[in-house]
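The following exercises are meant to be worked through with the sequence and the structure in view. Each task is followed by a solution in steps.

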Amino acid sequence: MRITQGAFSFLPDLTDDQIRAQVQYCIDNKWAVSLEFTDDPHPRNTYWDMWGHPMFDNPDAAALMMELNACRKLYGDRYIRVVAFDSSPGWESVKLSFIVNRPDEEPGYRLDRQEAAGRMIRYTTRPYAADRPAGARYG
Amino acid sequence: MPAPAFAETELPQAAAPAAIDLREEFETSGVKDVLAELDRDLIGLAPVKRRIRETAALLLVERARRRMGLAHETPTLHMSFTGNPGTGKTTVALRMADLLHRLGYIRKGHLVSVTRDDLVGQYIGHTAPKTKEILKKAMGGVLFIDEAYYLYRPENERDYGQEAIEILLQVMENQRDDLVVILAGYAQRMDRFFESNPGFRSRVAHHINFPDYSDDELLRIAEQMLEKQNYLFDAKATAAMADYIARRRAQPHFANARSIRNALDRTRLRQANRLFESAKGPLDAKALSTISGEDITASRVFALPPGKGEGK
Ligand SMILES: Nc1ncnc2c1ncn2[C@@H]1O[C@H](COP(=O)(O)OP(=O)(O)OP(=O)(O)O)[C@@H](O)[C@H]1O
Ligand SMILES: [Mg+2]
């Protein structure tokens, strides 16, 4: 099941040229761009691991593409996203976030039903991938 | 990742033009303006200006060929600037970045100027991230490495400079579209550096040598610098400056145009003091902006026998 999170995720995956163009758009708007990766695709998992520092003073998107390629070399089997932060209001806030790498196989989620008091049912979703230990979930 | 998407939405390639007017390209690209400014703002440097004009011509033709679908490889643009201190290497590198930007060979056109300490770390694992940070900053523009030979310290085989060199070489080769590297330094030491680092030698296509300025050129540089700051020499001051230049050159730590800039800074200081101590009434604009002979001859350069002292 294809994970859809962040911008553009209902579109086909962006090509590297398209990623580069989006990143350049962010930089030209003075947003700091950075990379994050994870192997826990649960939509409520907002804390992905950072890949290096956010880039504050690299005027060209080639800098991020270089890091993206390095990140893919190590974590190409996981999800990687670009996050762009805007600090112009006086605090950092996410302006744009989109997935730039995903596992070859995305097994999707299992829906669990828990029968509670009365006839109440609690629902929860669990990524099948999370059945395996962190770091060994994909590939 | 799956195969590239969006192929059907991409704009059709503009048809290759049948003919390109190089003259017109020369003017509309802004290259003409950059070269004219270079001619106007920089005194002397005839061989450097000639080489830059030749390089610009090559790049214009290369660009025209690319637009016609004739050339596919990005030409190697990495350069080396050799010359003594203060001969204008950094200044010209800035113009070069502008030129390459206008021709579309770099996307942003900024210049990041570094030396060994910016690239090489102090301990294991420190160098690669440092070098990469700098490379990332320079992407889209020009990376200017001053006194590049300090990267290579053959006497110390554990030197971390080697690590920086390897990363640089890799990016210079594989990311030629992303940045241009200019190596700068004194001619002889650069020659030795290239001899012992064939990797750099084969990646650097353009070697430009910056000659020392003649006394006459330095005097014109002095006048131009003053004019930009709204000052001028009176007749005695011009003669004193010419004398100063001849003496200063014979002394240690002579740095061509930079020595002139420093001398003028001190001269303005002395002029201000003279005005402050001697003025009896209000001063007009002319008095405030005229450098007189004594402001220059008070320099220690005139007190020292030739070949001694720091030239303060
Ligand atoms: N041809 C010139 N005309 C006018 N000003 C010049 C010229 N050449 C150099 N200058 C001035 O001299 C100063 C020193 O020049 P620059 O820093 O470019 O020298 P450099 O070759 O990079 O020196 P170094 O090797 O010591 O780094 C600058 O202030 C520059 O503006
Ligand atoms: Mg310099």
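**Exercise 1. Helix H7 of chain B**

Task: Which residues of H7(B) are buried, and what covers them?

Solution. The model used in these exercises is predicted.
Step 1. The residues of H7(B) that are buried are B:Gly161, B:Ala164, B:Ile165, B:Ile167, B:Leu168, B:Leu169, B:Val171 and B:Met172.
Step 2. Their cover includes the helices H5 (116-119), H6 and H9 (198-203) of chain B, as well as the strands S3 (142-146) and S4 (180-185) of chain B.
Step 3. The length of the helix can be checked. With 14 residues (161-174) at 1.5 Å a residue, a span of 20 Å is expected for H7 of chain B, and the end C-alpha atoms are indeed 20 Å apart.

**Exercise 2. A residue of strand S4 in chain B**

Task: Is B:Ile182 buried or exposed, and which residues does B:Ile182 touch?

Solution.
Step 1. B:Ile182 belongs to strand S4 of chain B.
Step 2. Buried means under 20% relative accessible area. Because its relative accessibility is 0%, B:Ile182 counts as buried.
Step 3. Leaving aside residues up to four places away in sequence, B:Ile182 touches B:Met79, B:Phe81, B:Ala93, B:Met96, B:Val142, B:Leu143, B:Phe144 and B:Ile145.
Step 4. B:Met68 is 114 residues from B:Ile182 along the chain, and the C-alpha atoms of the two are separated by 29 Å.

**Exercise 3. The sheet of chain A**

Task: In what order do the four strands of the open sheet in chain A lie, and which are the edge strands?

Solution.
Step 1. The order is S2-S1-S3-S4, and the pairing is antiparallel.
Step 2. S2 and S4 of chain A each pair on one side only, and they are the edge strands.
Step 3. On average, and with direction ignored, neighbouring strands of this sheet are turned by 20° against each other.
Step 4. S1(A) pairs with S2(A) over four bridges and with S3(A) over seven bridges. Within these pairings, A:Glu36 stands opposite A:Met50 in S2(A), A:Leu35 has A:Trp51 of S2(A) as its bridge partner, and A:Ser34 has A:Val83 of S3(A).
Step 5. H1(A) lies across S1, S3 and S4 of chain A and runs at about 165° to S4(A).

**Exercise 4. The two sides of S1(A)**

Task: Why is S1(A) described as largely enclosed by the rest of the structure?

Solution.
Step 1. In a regular strand, side chains alternate between the two faces of the sheet.
Step 2. From S1(A), A:Ala32, A:Ser34, A:Glu36 and A:Thr38 point one way, whereas A:Val33, A:Leu35 and A:Phe37 point the other way.
Step 3. The residues pointing either way are all buried. Seven of the seven residues of S1(A) are therefore buried, so the strand is largely enclosed.

**Exercise 5. The surroundings of ligand 1**

Task: Which residues come nearest to ligand 1?

Solution.
Step 1. Of the 19 residues around ligand 1, those that come nearest are B:Lys89, B:Thr90, B:Thr91, B:Tyr213 and B:Arg261.
Step 2. For B:Lys89, a polar side-chain atom lies 2.7 Å from an oxygen atom of ligand 1.
Step 3. Backbone atoms take part too: a backbone N or O atom of B:Thr87 is 3.2 Å from an oxygen atom of ligand 1, and a polar backbone atom of B:Ile43 is 2.8 Å from a nitrogen atom of ligand 1.

Definitions and conventions:
Residues numbered from 1 in each chain as written. Chains lettered and ligands numbered in written order. Predicted model: local features only at pLDDT ≥ 70, side-chain atom pairs only at ≥ 80, totals over all residues. Heavy atoms only, no water. Pairing = 2+ DSSP bridges. Helix = DSSP H or I, 4+ residues; strand = E, 2+ residues; numbered from the N terminus. Axes fitted to C-alpha atoms, helices over the stretch in contact; angles between N-to-C directions. Contact = heavy atoms within 4.5 Å. Near = heavy atom within 4 Å. Polar contact = N/O pair within 3.5 Å; in protein donor to acceptor, adjacent residues only side chain to side chain. Expected span 1.5 Å × (residues − 1). Buried < 20%, exposed > 50% of the residue type's maximum accessible area, 1.4 Å probe, protein only.
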